[in-house]
Amino acid sequence: MIFNEEKFLSKISVAKNKNEVLKINSELKKYLKELYSELKKIGEEDEKKLFGKKINDFKNKIQPEIEKKLKLFNENLDNISYDPYIFKPSIKIGNSHPLIKLYKKMEKVLINLGFSVVQGPEIELDRYNFEKLNMPHYHPARDMQDTFYVISPKVLLRSHTSSVQIRTMEKLEPPMSIISPGTVYRVDDIDTQHTPMFYQVEGLTVGEKISFANLKFVLITFLKEIFGSSTDVRFRPTYYPYTEPSAAIDMSCPKCNKNGCATCSKTGWITVLGSGMVHPKVFEDSGVDSEKYTGFAFGLGLNRLAMIYFGMNEIKKFYENDVSIWNQL
Ligand SMILES: [Zn+2]
């Protein structure tokens with residue numbers, strides 16, 4: 001046994017942190033102090049010399065090991081750019097944005113109805129945003145969706161996610177049932193109902209013998225799932241260049257239950273969706289056999305639906321990050 005050498009070395013090797021090493025260091029100092037007082041007691045010169053050498057050898061062996069281990073822990077701490085020991089009990093866990101919350105609910109309903117989710121580019125070609133949707137460059141319907149051009153006149157910020165439907169029809173063989181959610185852009189001044197960027201969810205089903213009855217079933221089921229089973233739904237004839245026949249879809253005002261209020265402009269009904277049977281010209285331009293297949297499409301503005309769902313009166317509130325509003329929803 002030479003001065004508990006093994007005991008110190010094994011303690012150093014298993015030390016898990018800086019504090020444990022510092023504790024071993026003070027143990028060592030205490031032990032050396034005891035050894036030096038032993039040394040003083042030795043009267044015989046040669047024996048004293050020999051004992052003194054042994055103490056030094058022991059010290060020179062243990063101390064560098066302690067320093068090495070300390071350096072290791074110090075280096076590791078230097079590599080950490082934050083203090084992992086700070087405890088902040090007041091941190092508040094965040095919440096999903098209301099638009100995401102409602103979208104997730106809608107997505108679940110539509111997936112259960114057999115739809116798959118497809119994404120597409122936000123910077124789009126005129127060809128996919130207008131031309132192949134039966135809106136050639138001279139078509140007046142383009143004015144309703146006046147948009148931002150990245151490289152005029154061929155590259156633009158998409159004004160609807162219908163462009164994703166065209167891209168999907170070009171790639172896949174029917175039957176298909178897809179939804180295309182995402183941001184869209186239109187030249188609108190900011191007011192209570194409009195922002196130049198908003199979110200859309202569009203749907204498309206293509207197959208053999210798909211009829212208007214399928215469209216009605218999907219959209220009535222969808223609205224009842226989101227707004228409750230007592231929701232009434234009505235279909236009004238309207239015009240879109242890419243569907244024929246086309247229908248605007250109103251639902252009974254969830255706020256006043258058809259009695260008339262400010263939300264529904266005293267009519268009892270709110271228009272929430274556009275829909276229709278896909279125009280044969282759109283099928284042909286996308287490589288789908290319009291003799292063999294039929295299909296329906298629909299589109300909704302997520303922000304608008306979310307305003308009704310959460311009872312909000314200003315669309316821009318969605319982008320203001322006012323936590324006091326989110327806490328009320
Ligand atoms: Zn109302």
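Which residue in E4 is the bridge partner of isoleucine 151? Keep that question in mind while you load the structure, which is a predicted model, and begin with the overall division of the chain before coming to the strand in question.

**The two domains**

Select residues 5-79 and colour them as domain 1, then select 98-326 and colour them as domain 2, since these are the two domains into which the protein chain is divided. If you place a marker at the C-alpha centre of each domain, the two markers will lie 76 Å apart.

**Helices H1 and H2**

Next, select helix H1, residues 5-14, together with helix H2, residues 18-41, whose axes come within 9 Å and cross at roughly 165 degrees. An angle over 145 degrees counts as roughly antiparallel, and H1 and H2 are therefore roughly antiparallel to each other. As you turn the view, you can follow H1 as it passes H2 in a left-handed crossing. To see where they touch, show the side chains of Phe8, Lys11 and Ile12 in H1 and those of Val21, Ile24 and Leu28 in H2, which make the contact. Sorted by class, the residues of this contact of H1 with H2 are five nonpolar, no polar and one charged.

**The three-stranded sheet**

Now move to the open sheet of three strands, which has the order E2-E4-E3 and antiparallel pairing. Its edge strands, each pairing on one side only, are strand E2 at 123-125 and strand E3 at 149-151. From one strand to the next, the twist averages 35 degrees. Select E3 along with strand E4, residues 155-157, and you will find two antiparallel strands joined by two bridges. Here the opening question is settled, for the bridge partner of isoleucine 151 in E4 is valine 155.

**The seven-stranded sheet**

The other sheet to select is an open one of seven strands, with mixed pairing and the order E1-E5-E6-E10-E9-E8-E7. Strand E1, at 116-117, and E7 are its edge strands, and each of them pairs on one side only. While the sheet is displayed, add helix H9, residues 302-310, which packs on it and touches strand E6 (197-207), E9 and strand E10 (294-301). The direction of H9 makes about 60 degrees with that of E10.

Then narrow the selection to strand E7, residues 233-240, and strand E8, residues 243-252, which run antiparallel and are joined by seven bridges. A hairpin leads from E7 to E8 through two residues. Look within this pair for arginine 236, which stands opposite alanine 248 in E8. Keep alanine 248 selected and bring in strand E9, residues 269-278, which runs antiparallel to E8 and is joined to it by eight bridges. In E9, the bridge partner of alanine 248 is glycine 274.

**Helices H4 and H7**

For the last stop, select helix H4, residues 98-112, and helix H7, residues 212-227, which pack at an angle of about 140 degrees with their axes 10 Å apart. H4 and H7 are therefore oblique to each other, and H4 passes H7 in a right-handed crossing. Show Lys105, Met106, Val109 and Leu110 in H4, and you will see them meet Phe222, Glu225 and Ile226 in H7. By class, this contact of H4 with H7 has five nonpolar, no polar and two charged residues.

Terms used
Residues are numbered from 1 along each chain as its sequence is written. This is a predicted model: local features need pLDDT of at least 70, side-chain atom pairs count only at pLDDT 80 or more; totals for chains, interfaces and linings use all residues. Axes are lines fitted to C-alpha atoms, for helices over the stretch in contact, and angles run from 0 to 180 degrees between N-to-C directions. Helices (H or I, at least four residues) and strands (E, at least two) are DSSP runs, numbered from the N terminus. Angles under 35 degrees count as roughly parallel, over 145 as roughly antiparallel, 65 to 115 as roughly perpendicular and the rest as oblique. A crossing is left-handed if the near helix is turned anticlockwise from the far one by less than a right angle, and right-handed if clockwise. Two residues are in contact if their C-beta atoms, placed from the backbone, lie within 7 Å. Ala, Val, Leu, Ile, Met, Phe, Trp, Tyr, Cys and Pro count as nonpolar, Asp, Glu, Lys and Arg as charged, and the others, Gly among them, as polar. Two strands pair if DSSP finds at least two bridges between them. Domain bounds come from an automatic or database domain assignment.
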